[in-house]
Amino acid sequence: PTVIATNLNPTFCTGGATNIQLSSNVPGAVFSWTVTGGNVLGALGGTGTSINQTLTVSPGTTSTVQVTYTIVAEANGCAGPPTAITVQVNPIPDVVIAGNPAPICSGETTNISFTGAIPGTVFSWVITSITGVTGASNGTGTSIQQVLMTTGLSQGSVTYTVTPTFNGCTGTPQSVTVLVNPRPELYTNPTHPPLCSGDITNISVGTFNANTVLTWTVNPVGVNGAVSGTNTGLSTVIAQVLTTTGNTPGYVDYTITPSLAGCTGTPITVRVVVNPLPEPKLVDGA
């Protein structure tokens with residue numbers, strides 16, 4: 001007798017089952033088989049008219065394993081030639097996301113990397129939640145590097161779900177959330193009216209969040225009294241007494257920068273011109 005074997009499931013994922021149907025050219029033939037192959041559990045020799053066994057790769061296996069069933073048919077005391085049938089079992093891939101990403105500022109790039117224990121794993125991600133953010137998209141690769149922008153004045157977020165696949169086998173998805181902080185803005189009139197020496201500045205600065213920190217630096221030219229400083233709140237008034245150091249006009253450049261939750265906004269420079277006070281000069285004492 002000869003073996004007629006139909007392998008209906010030649011490749012499958014760990015935890016799947018073989019489906020090898022056996023028949024022969026001689027009616028009433030009895031089939032028996034032996035097994036060769038390593039790093040797999042559940043493969044056993046036996047007898048019957050089909051081979052249906054659940055196979056799993058051994059723990060720690062990171063590649064496809066192969067199992068060969070050698071089948072012999074016997075009828076009326078006569079054994080036919082052996083027939084070899086091979087099945088391949090793929091491990092289930094995993095995904096490990098490197099740490100929990102820190103919040104980023106609007107306009108910055110995400111840097112989410114992931115790895116798996118099985119070489120050749122393909123990672124793909126989809127957006128499962130997004131609020132107040134643009135720039136996120138689905139994709140594949142070993143890292144997510146996307147420029148995210150907030151759409152409003154409050155913190156936004158994006159949740160990516162990453163799924164590993166290997167030779168048609170899908171592992172357990174993992175999710176990661178990225179928080180995106182808006183960059184603070186400040187509002188002020190960049191033009192300040194000229195002052196007389198000894199007058200007080202009146203630079204009014206506003207912002208949209210009470211936790212915004214306003215920091216200003218000064219660059220005085222021919223002027224005394226300008227001092228750098230900082231303040232937290234919705235509004236700030238920079239009031240400083242400025243005096244000229246000579247008989248010509250001077251000026252001070254105030255560069256004001258907002259910051260909030262580690263994010264820095266666009267600075268604004270306000271120039272304040274300071275005119276000296278005129279002094280009379282007596283001619284011949286009269």
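Okay, let's start with the torsion about the S-S bond of cysteine 13 and cysteine 169: that's about -105 degrees, so this disulfide is left-handed. The pair links distant parts of the chain, with cysteine 13 in strand S2, residues 11–13, and cysteine 169 over in strand S21, residues 169–170, which puts them 156 residues apart. The two sulfur atoms sit 2.0 Å apart. Keep in mind, by the way, that what you're looking at is a predicted model.

Now, how exposed are the two ends? Cysteine 13 comes out at 23% relative accessibility, and since buried means under 20%, cysteine 13 counts as partly exposed. Cysteine 169, on the other hand, is buried, with a relative accessible area of 0%.

On to the other bond. Cysteine 105 and cysteine 263 form a disulfide as well, and their sulfur atoms are 2.1 Å apart. The S-S torsion here is -95 degrees, so again we call the link of cysteine 105 and cysteine 263 left-handed. Cysteine 105 is in strand S13, residues 104–105, and cysteine 263 is in strand S32, residues 263–264, so this pair ties together parts that are 158 residues apart in sequence. Both cysteine 105 and cysteine 263 are buried.

So how many disulfides does that make? The count comes to 2. And if you number the bonded cysteines of the chain in sequence order, the pairing reads 1-3, 2-4.

Before I stop, a word on two more cysteines. Cysteine 78 has 45% relative accessibility, so it counts as partly exposed. Cysteine 196 lands in the partly exposed class too, at 38%. That's it from me, thanks.

Terms used: Residues are numbered from 1 along each chain as its sequence is written. This is a predicted model: local features need pLDDT of at least 70, side-chain atom pairs count only at pLDDT 80 or more; totals for chains, interfaces and linings use all residues. Side-chain values use heavy atoms; hydrogens and water are left out. A disulfide is a pair of cysteine sulfur atoms within 2.5 Å. Helices (H or I, at least four residues) and strands (E, at least two) are DSSP runs, numbered from the N terminus. Buried means under 20% relative accessible area, exposed over 50%, partly exposed in between (1.4 Å probe, protein chains only).
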